[in-house]
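Colleague: Could you take me through one part of this model in detail, and then set beside it whatever else helps to fill in the picture?

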Amino acid sequence: MGKTIIISNRLPVQLQISNGGITTIPSVGGLATGMKSVHSGGDSLWIGWSGLTDEEIPEELTGDIDKALAKHGSSKVKLTAEEVDGFYYGFSNRTIWPLFHYFLEYSEFELASWNTYKAVNQKFADAILEKADEDDTIWIHDYQLMLVPQMVREKRPNISIGFFLHIPFPSFEIFRTMPWREEVLMGLLGSDLIGFHIYDYQRHFLSSVRRLLGLEVSFNDIYLDNRIIKVDSFPMGIDYKKFRDAAEEHAKRSSDKLSELQKRLNTHKKSDPENKFLLSIDRLDYSKGIAKRLNAFEYFLNKYPQYKEKVRLIILAVPSRSNVPQYQLLKREIDELVGRINGEFSTVSWTPIWYFYRSMPFENLIDLYTSSDIAWLTPLRDGMNLVAKEYIATRIDGTGVLILSEMAGSANEMNESLLINPNNFEQIADTINDAINMPIKEQQTRNKVLQKRLERYNVGKWANSFMNSLNAQKDRDAENVSRRLTDNRLNSILEEYSKSKKRLLFLDYDGTLAGFHTDPQKAGPDEELYGLLDALQNQENTTIYLVSGRDKDTFTKWFLPKKYNMIVEHGVWISQGGEPFRMLENVKNDWMEKIRPVLESFVDRTPGSFIEEKNFSLAWHYRKTGPDFGNLRATELSEVLTSLIGTDDLSVLNGNKVMEVKSSNVNKGRATVRILGEDDYDFVFAIGDDWTDEFMFQELPESTVTVKVGRQKTAAKFYVENTQKVRELLKSFTKA
Ligand code: GDG
């Protein structure tokens, strides 16, 4: 087992240079604590930027800095001020951050900062490559480093790479506006596992992958060349115990040990037991909805004037990215709003808003959490929002109400809180009123459920479940590799082939011998394919069968003159040695009248789809329909058809972008087994790409050489990657 390498923009320690010496302070952030279980001992390394630019690090201290960082299992990536400017303040925080938080109007698309982003991502990748061994596991974090997975993969094709995005992944409609969208997706797809906080971000990402890159996606697997990339959601938790313990310690403190802040909070509380504190804590960021929250507070005071002089809003806004103009503007806007509202409502004994623009020590954070009756968090968009979870963790007596924006990822797991839409002031005002009046018992009931959940799925669990999933992916890869038709395996098959006296080959057509075409009628065979099939057909002691779901007229036109044996419509018709088609199975088609109108109604409602009418089956094709919409409609159609056909002898086949209704007693497995029984074959081979071919793989005898095209789940013994590889394989048969 190799080591684990963690990579994030910032390291888990902060560097300070003073009086020519270096001090390192461990970061308090959630990520650093969450990764403790992963980043421990000598078998893990954390790579990131130290927070100081090259210009800020005196040459003579570089060695000492490296040593100081090494003590924390860390190693730095060197960045110049210009690089930090283009990569961090530029592309990361002026393009990706606003875009991924749906602030399209704030997103700047600057070629120069994109180029710096690429160059700096390469620096991070190089730093990894320098330290990584083949059996290491690499975990890359967040939006600043989205190109790193592919950059590492290029040089180390077999290394295990995971990526976690801490911010939302936006809907395709937003993401598509970015000029470098394909590069960003391809960058991420260098990973083996891509993690998001919640299912919605995962869904958006998969939709962009399908629509922008046209890749095949099955459930949460993406198929790219020879690899399967897994996409999943892992909602990040907090260090529950740390917050819980801190709150318990806090409760035990004697009055002389209280912080100044706590004393002030207590004084205010004592003056009237009905006084309430509303708390909000965020980085000063437009995505957190601070300005809107202030406006909503004003709305609340006007709607419920009885709370004037009773309710106080405490806002802790932590300075963030103050080099970016949008953040400077926001700071000004908030300053003004706080000033105006306080000016308007204050009395001699009451200021409605206490506003702190700074970062506070952890102890003060706990003072605020434990003293506030209500936590009020209204992000307009937030990947997760850990503050909501921390507040609940510190409520040791179970009291306290959390009002949380439904736009925060954490809202998914915190249904017992009061969820609000941050844009709905009416709802917010009423909810604050409800929160103030919520009976203690109800508060405790709600919080108990939340606390249990937060304790169980804490940040350590989060990190471990991501790592476990990444390791499982490695195992799955190994299993897949074990089915790959390698040269060695091919050679032993060829040996068997050449020794055999009577061979039988079943070849699926679409997706196997030929690639897919948006118009199935145009996907005719090419000269190379005819040549290949002729060569097989002319080989001594060799019988080939084309086995397809297609209709007999098309195959008559394409292949009858060639006298190939053919089984079409999944086994309804057969043609041998150039004879016209005859029925292999006795099937009825009187059901078609009933099913056709259903399919027609789907065609009407699904642009780009159409019906293919065969003699004994009806197929609804949706290859030209947008992939998400097409799949949605296919699921809907499958449900409708399943309920309609009930116990009839019909079945619905879900092929590759096609859904086919046909008689149940017809399938490729049954047809091929019948053919097999007609003679004494000592080498049997079957190849196909979709699940209609699985009938052959399952029903033909164990000794059959079965090959799947593509890496999807299969009953076949081997797989090859694509139609090109199929042709190479068949060519090698002709030479055996
Ligand atoms: C990003 C995503 C996602 C805040 N003020 C002080 C302080 N904090 C601590 C809190 C909390 C953390 O900072 C803030 O975390 P959030 O999750 O709320 O927000 P972001 O910083 O925007 O984080 C977010 C997160 O990544 C994790 O994936 O949840 O959606 O935007 O832990 O306690 N800590 C101290 N003093 C402060 O003044 N000591």
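What follows is a request about one part and a single connected reply.

Colleague: Please look closely at helix α7 and helix α8: how do their axes cross, and which residues make the contact?

Modeller: The model is a predicted one, and what I describe should be read in that light. Helix α7 covers residues 181–188 and helix α8 covers residues 199–213, and their axes, which come within 11 Å, cross at roughly 120°. Because oblique is the class for angles that lie over 115 degrees but do not exceed 145, α7 and α8 are oblique to each other, and the handedness of their crossing is left-handed. On the α7 side the contact is made by Arg 181, Glu 182, Leu 185, Met 186 and Leu 188, while α8 contributes Phe 205, Ser 208, Val 209, Leu 212 and Leu 213. Sorted by class, this contact of α7 with α8 has 7 nonpolar residues, together with 1 polar and 2 charged ones.

A second helix pair can be set beside it. The axes of helix α4 (residues 111–131) and helix α5 (residues 148–155) come within 9 Å and cross at roughly 50°, an angle that makes α4 oblique to α5; here the crossing is right-handed. From α4 the contact draws on Lys 118, Asn 121, Gln 122, Phe 124, Ala 125, Ile 128 and Leu 129, and from α5 on Val 148, Met 151, Val 152 and Lys 155. By class, the contact of α4 with α5 has 7 nonpolar, 2 polar and 2 charged residues.

Turning from helices to strands, β26 (residues 658–663) is mostly covered, with 6 of its 6 residues buried. Strand β24, residues 617–621, pairs with β26 in the antiparallel sense over 5 bridges, and His 621 stands opposite Val 658 of β26. Strand β25, residues 650–654, also runs antiparallel to β26 and is joined to β26 by 5 bridges, with Glu 660 in β26 as the bridge partner of Leu 653. Between β25 and β26 there are 3 residues, the two strands forming a hairpin, and in the turn Lys 657 has a positive phi of about 60°.

Finally, a single helix residue: Asn 295 lies in helix α11, residues 290–303, and counts as partly exposed because its relative accessibility is 25%. Leaving aside neighbours within four places in sequence, Asn 295 is in contact with Leu 337, Arg 340 and Phe 425. Asn 295 and Trp 376 are 81 residues apart in sequence and, C-alpha to C-alpha, 13 Å apart in space.

How values were computed
Residues are numbered from 1 along each chain as its sequence is written. This is a predicted model: local features need pLDDT of at least 70, side-chain atom pairs count only at pLDDT 80 or more; totals for chains, interfaces and linings use all residues. Side-chain values use heavy atoms; hydrogens and water are left out. Axes are lines fitted to C-alpha atoms, for helices over the stretch in contact, and angles run from 0 to 180 degrees between N-to-C directions. Helices (H or I, at least four residues) and strands (E, at least two) are DSSP runs, numbered from the N terminus. Angles under 35 degrees count as roughly parallel, over 145 as roughly antiparallel, 65 to 115 as roughly perpendicular and the rest as oblique. A crossing is left-handed if the near helix is turned anticlockwise from the far one by less than a right angle, and right-handed if clockwise. Contact means heavy atoms within 4.5 Å. Ala, Val, Leu, Ile, Met, Phe, Trp, Tyr, Cys and Pro count as nonpolar, Asp, Glu, Lys and Arg as charged, and the others, Gly among them, as polar. Buried means under 20% relative accessible area, exposed over 50%, partly exposed in between (1.4 Å probe, protein chains only). Two strands pair if DSSP finds at least two bridges between them.
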